[in-house]
Structure formats: C-alpha cells, structure tokens
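Trainee: Please take me closely through the packing in this model, beginning with one segment and its flanking loops and working outward from there.

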Amino acid sequence: DSFVAGPGIDPVDPDSRRCQRSLNNYPTLVAEELRIPSLKDVSCSGATSLDIYEARTGPTAAQPLAQTEAISPSTDLVTVSIGGNDEGVFGRIISSCTVGSVAPDACSPFVDTQLDRILKRTTSNIAVSLEKIREKAPNARIVLVGYLRLIPEKGGCTTPGLDAAYAGPAAAAQDALTAALEAAAKRASVEYISISDLSTGHESCAGDDAWVNGLKTAPGDGAFLHPNAAGMRAVAGAIAKHLRQQ
C-alpha cells in the first residue's frame, strides 16, 4: 500500500500514475542494496489486502490488475506491507482521533469497541492474501513487513494532528494493527519483520529524527502521515539485514 509506494517522495515513477510510487521507496532500495537484478514493484497507494489477488474494476482504478499478476513460479522473493487500508483502519483512526474530528469523542469508543473486530477480519484477510501469493509463487521467500510508528507508544504526540487526549488510544490502535500483521504472518507461515520497535523514537513528533511525516511535509519528502525518505531508507535497511541473516 502507500507505506510501500512512498507517495510524495521524489522522484516519482512516471508509470505509476495514481499508485504514486516513488523510485526511492523501500522495494527499490532493497533491490539496489542486495543487487537484485530484476524487480517488479506493484505497490499502490490505497491498496487493501483484497487488491493483492483481485483486480479492481472501473476506468478510474489506480491499480486495475491484481498485484499477484506480477509474480510467477520463478519469483524468488516477495515483500509486502498491507492491512492499514482494510475497512479504512488508518483513515478511521485519523478521522476519529484528530483535532477537529468529524465525530468528537469517537476515538476511544472506536478503539475500545470496534477495532478488535475489524482487526480480526484484517488478520484473516492478510493471511488469505499471503496464501494467494504462495499459490502464484510457490518457490518464493515471502516476507510481510510491518508499519513504521506514527506516534509513540507513550508520552503523546500532537504533530500528526492528534488531540492530546486521544494519543493513548491511537497508539494502542497502532499496536493492535502490528499484532494483527504478526498473527497473519504466523497463520500463513511466512516471515514477518516488525518495524514498530525499530521506529521507536522516530515517530512523526521526533523532529529531524522522524521517519514519518505529521501534517506538515517538506517538498518531495513524502505525503502527510506517511513515510519520508529517511523512513524508507530505514525500512529498506531492516529488510536487507533480515534477508542477509536468514
């Protein structure tokens, strides 16, 4: 999804259109660091776990083909990050927990009463997607990659527009999504790389050390509430290190 594609990070792949892929996103950086001779990057902003194996319909679809169309029995490595857009989890957290929310005081109720049910379905959806990848690329090493942290686990962070009172529930929601991804990887018997601990201290409120943007962004350095170039380099480094060690 967009945490892979890297919207707003220069330079942009001119062929990616509404998928908004950067040529400095982590798939590209990993391929360069490990000298992988052939890369097919089909990451796409807005993608859900269903988009991995089902084509979108309609002339305005950012990604008309299923992402699994890019792989085959000869594929030897697949990295994927997905789940944040399933049932609009990221968007619902932001819309419920940010200053000026369209539904004031909705943050804690959403996290406490709805999120768990959504993430149970998300876990199943991601596991199915990973199994579909395995069917198309039975000889590939498959690695599910987690998300960079937007806000710290403790202490609050208002840079991404969060109401200070809702920073705790929003952080808990982020941790719950991380746990859902880890559970999906285990269910599908694929490798999982957690980025959550790695990005502690590099959340959107970390100033020059931030790996994700808050509401304000520097030109050419990523979209708001998304990874910046430093974040992409950090994730690429973690993936390359993992692949070398295993």
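Mentor: The helices and strands I will refer to are DSSP runs, a helix being H or I over at least four residues and a strand being E over at least two, and both kinds are numbered from the N terminus. Please keep in mind throughout that this is a predicted model.

I would begin with helix 2 and the loop that leads to it. In the loop between helix 1 and helix 2 sits Pro11, and the peptide bond joining Asp10 to Pro11 is cis, with omega at about -10°. The structure holds one disulfide, in which Cys19 is joined to Cys44 with an S to S distance of 2.0 Å. The two cysteines are 25 residues apart and link distant parts of the chain, with Cys19 in the loop between helix 1 (2-5) and helix 2 (26-33) and Cys44 in the loop between helix 2 and strand 1 (77-80). The torsion about the S-S bond is about -80°, so the disulfide is left-handed, and both Cys19 and Cys44 are buried.

Helix 2 itself is mostly covered, since six of its eight residues are buried, namely Tyr26, Pro27, Thr28, Leu29, Val30 and Ala31. The cover over these buried residues includes helix 1, strand 1, strand 2 (141-145) and helix 6 (229-245). Just after helix 2, the backbone at Arg35 takes a positive phi of about 55°.

Of the elements that cover helix 2, helix 6 can be followed in detail. The axes of helix 2 and helix 6 lie 8 Å apart and the two pack at an angle of about 45°; angles that fall between 35 and 65 degrees are counted as oblique, and helix 2 and helix 6 are therefore oblique to each other. The crossing of helix 2 with helix 6 is right-handed. On the helix 2 side the contact is made by Tyr26, Leu29, Val30 and Glu33, while helix 6 brings Met232, Arg233, Val235, Ala236, Gly237, Ile239, Ala240, Leu243 and Arg244. By class, this contact has nine nonpolar residues, one polar residue and three charged ones. Tyr26, Leu29 and Val30 thus appear both in the list of buried residues and in the contact with helix 6.

From here we can move along the chain to helix 3 and its surroundings. In the loop between strand 1 and helix 3 lies Glu87, which has a positive phi of about 55° although it is not a glycine; the relative accessible area of Glu87 is 35%, so this residue is partly exposed. Helix 3 (residues 89-97) packs against helix 4 at an angle of about 170°, with the two axes 10 Å apart, and that angle makes helix 3 roughly antiparallel to helix 4. Val89, Arg92, Ile93, Ser96 and Cys97 make the contact from helix 3, and they meet Cys107, Phe110, Gln114, Leu115, Ile118 and Leu119 of helix 4. The residues of this contact divide into eight nonpolar, two polar and one charged.

The loop between helix 3 and helix 4 holds Thr98, which counts as buried because its relative accessibility is 14%. Setting aside neighbours within four places in sequence, Thr98 is in contact with Ile93, Pro160, Gly161, Leu162 and Asp163. Among these, Gly161 is 63 residues away from Thr98 in sequence, yet the two C-alpha atoms are 5.3 Å apart in space.

Helix 4 also packs against helix 5. The axes of helix 4 (residues 107-136) and helix 5 (residues 167-188) come within 8 Å and cross at roughly 20°, and helix 4 and helix 5 are therefore roughly parallel to each other, in a right-handed crossing. Among the residues that make this contact are Cys107, Val111, Leu115, Leu119 and Leu130 of helix 4, together with Ala173, Leu177, Ala180, Leu181 and Arg187 of helix 5. The residues of the contact divide into 18 nonpolar, three polar and two charged. Cys107, Leu115 and Leu119 of helix 4 take part in the contact with helix 3 and also in the contact with helix 5.

Beyond helix 5, Ser189 lies in the loop that leads to strand 3 (191-193). Although Ser189 is not a glycine, it has a positive phi of about 60°, and with a relative accessible area of 61% Ser189 is exposed.

Note on methods
Residues numbered from 1 in each chain as written. Predicted model: local features only at pLDDT ≥ 70, side-chain atom pairs only at ≥ 80, totals over all residues. Heavy atoms only, no water. Axes fitted to C-alpha atoms, helices over the stretch in contact; angles between N-to-C directions. Parallel < 35°, antiparallel > 145°, perpendicular 65-115°, else oblique. Left-handed = near helix turned anticlockwise from the far one by under 90°. Contact = heavy atoms within 4.5 Å. Nonpolar A, V, L, I, M, F, W, Y, C, P; charged D, E, K, R; others polar. Disulfide = S-S within 2.5 Å. Buried < 20%, exposed > 50% of the residue type's maximum accessible area, 1.4 Å probe, protein only.
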